[in-house]
Amino acid sequence: MNRRQATFALAALAIAPQAAADAVPAVSARARALYARAIVVDANLAPPLQDTLPLPKAALDMTRGAGVTVMKTTLGGFNERFEDTVGEIALVQRTIDVHPDVFLQVRGGGDIDRAKREGRTGVIFSFE
């Protein structure tokens, strides 16, 4: 099982334990405890985004249950127009602002610890 499969397996267990138990390999209590203490960084992920906010409960539950402490999301590809990049930044920022109980914008190292401590998902803005 790779990292992404393990993350989704743990998320599935958190969201729908019985259905997940049939669909994923067993995860030991020791592995669960280690994962619960770990700071998990996904450097190629974005929060669920849509123009209409708030996000659906299912998207928020999936984010909470994924077990990711911090995600680095790339905004504005290397060929993006400036205006499109600014719009993308605004959309991610609005999503964080509307769901402060789920997301936290990471601006420094202390924010990563804060996200873990508070059970939120940190979002690092990244640019190419």
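How many of the residues of β4 are buried? In this predicted model, the strand β4 is mostly covered, with 5 of its 7 residues buried. The protein as a whole has 128 residues, of which 33% count as buried, and its chain forms 6 helices and 4 strands. The points below begin with the overall layout, then turn to the strands, the core, a few single residues and the salt bridges.

**Overall layout**

- Followed along the sequence, the helices and strands come in the pattern α-α-α-β-α-β-α-β-α-β.
- Among the contacts in the protein with a separation of 6 or more, 68% are made by residues that stand 24 or more positions apart.
- The protein exposes about 7700 Å², and carbon and sulfur atoms supply 58% of that area.

**Strands and their pairing**

- The strands β2 and β4 run parallel and are joined by 6 bridges, and in this part of the structure T74 stands opposite S126 in β4.
- The strands β3 and β4 also run parallel, here with 3 bridges between them, and L104 stands opposite G122 in β4.
- β4 therefore pairs with β2 as well as with β3, since two strands count as paired if at least two bridges are found between them.

**The largest nonpolar core**

- The largest nonpolar core has 10 residues in all, namely L55, L60, M71, L75, V92, I96, V102, F103, V123 and F125.
- The elements that give two or more residues to this core are β2 (70-75), α5 (82-98) and β4 (121-127).
- One member of the core, V102, touches L60, T63, R64, R120 and T121 when residues up to four places away in sequence are not counted.

**Q105 in strand β3**

- Q105 lies in strand β3, which covers residues 103-105.
- With a relative accessible area of 15%, Q105 is buried, because the cut-off for a buried residue is under 20%.
- The side chain of Q105 makes a polar contact, at 2.9 Å, with the side chain of R107.
- Leaving aside residues up to four places away in sequence, Q105 touches Q93, I96, D111, V123 and F125, and among these, I96, V123 and F125 are listed in the largest nonpolar core.

**Helix α4 and the residue after it**

- Helix α4 spans residues 57-65, and within this helix A59, L60, T63 and G65 are buried.
- Two of these buried residues, L60 and T63, are also touched by V102, and L60 is itself part of the largest nonpolar core.
- Just after α4, G67 takes a positive phi of about 80 degrees.

**Salt bridges**

- A search of the whole structure finds 6 salt bridges, and three of them are described here, starting with the pair in helix α4.
- The side chains of K57 and D61 meet in a salt bridge with an N to O distance of 2.6 Å, and both residues lie in helix α4, 4 residues apart, about one turn of the helix.
- An α-helix has 3.6 residues a turn, so residues three or four places apart point the same way.
- K57 is exposed, with a relative accessible area of 59%, whereas D61 is partly exposed, with a relative accessible area of 24%.
- K57 and D61 also belong to a network of salt bridges that links them with R64 and D101.
- R114 and E118 form a salt bridge through their side chains (3.1 Å, N to O), and these two residues both lie in helix α6 (residues 109-118), 4 residues apart, about one turn of the helix.
- R114 counts as partly exposed at 32% relative accessibility, and E118 is likewise partly exposed, with a relative accessible area of 39%.
- R81 forms a salt bridge with D84, in which the closest N and O atoms are 3.3 Å apart.
- R81 counts as exposed at 51% relative accessibility, because the cut-off for an exposed residue is over 50%, while D84 is partly exposed, with a relative accessible area of 35%.

How values were computed
Residues are numbered from 1 along each chain as its sequence is written. This is a predicted model: local features need pLDDT of at least 70, side-chain atom pairs count only at pLDDT 80 or more; totals for chains, interfaces and linings use all residues. Side-chain values use heavy atoms; hydrogens and water are left out. Buried means under 20% relative accessible area, exposed over 50%, partly exposed in between (1.4 Å probe, protein chains only). A polar contact is a pair of N or O atoms within 3.5 Å; within protein, one must be able to donate a hydrogen and the other to accept it, and residues adjacent in sequence count only if both atoms are side-chain atoms. Contact means heavy atoms within 4.5 Å. A nonpolar core is a set of buried Ala, Val, Leu, Ile, Met, Phe, Trp, Tyr and Cys residues joined through side-chain atoms within 4.5 Å. Accessible areas come from the Shrake-Rupley method with a 1.4 Å probe; for residues, only the protein chains shown count as cover. A salt bridge is a side-chain nitrogen of Lys or Arg within 4 Å of a carboxyl oxygen of Asp or Glu.
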